[in-house]
Amino acid sequence: MGRIFVSLVTLFIVIGATVVYWVTTGTSSLVLMPSELIAKAEAKDLPRIRIGGRVVEPISYQTEPSMVLRFSVKDPKGGEQTVPVVYEGLKPDMFAAGRDVLIDGDFVGGTVRAAKLQTQCPSKYEPAVPGAAPKQ
């Protein structure tokens with residue numbers, strides 16, 4: 001009886017681990033910087049990518065007839081290469097030039113077609129300067 005119980009527990013652990021592995025490898029993706037994406041792309045489309053970058057101007061937000069946000073991102077730690085992004089949906093509250101973002105989507109025709117757009121919080125707290133306008 002004890003051997004059967006141990007065998008069943010082991011079987012359930014193996015099945016559970018296998019399911020977790022399939023789920024995480026099927027939905028996870030490496031976060032690329034814009035310069036890495038440009039180097040990897042080499043004139044081919046890349047489905048299902050995740051890119052992290054800093055928003056640069058110009059930014060275009062169209063609300064009629066549908067919501068379309070167009071902007072570019074560059075490497076947060078420098079570099080001048082930019083990747084254009086198109087996001088169809090509501091612009092996040094904290095979205096602005098100079099803000100770091102995470103984007104999930106497809107790289108098609110040299111443009112990231114964003115399915116998800118997420119702004120990142122600043123990495124450190126900066127106290128307000130007396131008399132200065134609040135940062136956005």
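In the predicted model, the side chains of D100 and R54 meet in a salt bridge, with an N to O distance of 2.7 Å. D100 belongs to strand β5 and R54 to strand β2, so this pair ties together parts of the chain that lie 46 residues apart in sequence. R54 is partly exposed, its relative accessible area being 27%.

The structure holds 2 salt bridges. Besides the pair of D100 and R54, a salt bridge is formed by R50 and D104, whose closest N and O atoms are 2.7 Å apart. This pair, too, links distant parts of the chain: R50 is in strand β2 (residues 46–62) and D104 is in strand β5 (residues 100–108), with the two positions 54 residues apart in numbering. R50 has a relative accessible area of 27% and is therefore partly exposed, since the partly exposed class runs from 20% to 50%. D104 has a relative accessibility of 17% and so counts as buried, the limit for that class being under 20%. In general, side chains of opposite charge can pair when their charged atoms come close.

Strand β5 also takes part in pairing with strand β6. The two strands pair in the antiparallel sense over 8 bridges, and I103 stands opposite L117 in β6. Strands β5 and β6 form a hairpin, with 2 residues between them. In the turn of this hairpin, G109 has a positive phi of about 60 degrees. Strand β6 pairs with β4 as well, in this case in the parallel sense and over 3 bridges. Here V85 stands opposite V112 in β6. As a general point, the side chains of a regular strand alternate between the two faces of the sheet.

Helix α2 covers residues 34–41, and its buried residues are P34, L37 and A41. Seen down the axis of α2, these buried residues fall within an arc of 60 degrees, so they line one face of the helix. The buried residues of α2 pack against several strands, namely β1 (31–32), β2, β3 (68–74), β4 (82–88), β5 and β6 (111–119). Strands β2 and β5, which are among these packing partners, are also the strands that hold R50 and D104. Strands β4 and β6 are likewise in the list of elements packed against by the buried residues of α2, and they are paired with each other in the parallel sense.

Key: Residues are numbered from 1 along each chain as its sequence is written. This is a predicted model: local features need pLDDT of at least 70, side-chain atom pairs count only at pLDDT 80 or more; totals for chains, interfaces and linings use all residues. Side-chain values use heavy atoms; hydrogens and water are left out. A salt bridge is a side-chain nitrogen of Lys or Arg within 4 Å of a carboxyl oxygen of Asp or Glu. Helices (H or I, at least four residues) and strands (E, at least two) are DSSP runs, numbered from the N terminus. Buried means under 20% relative accessible area, exposed over 50%, partly exposed in between (1.4 Å probe, protein chains only). The arc is that of the directions from the helix axis to the C-beta atoms. Contact means heavy atoms within 4.5 Å. Two strands pair if DSSP finds at least two bridges between them.
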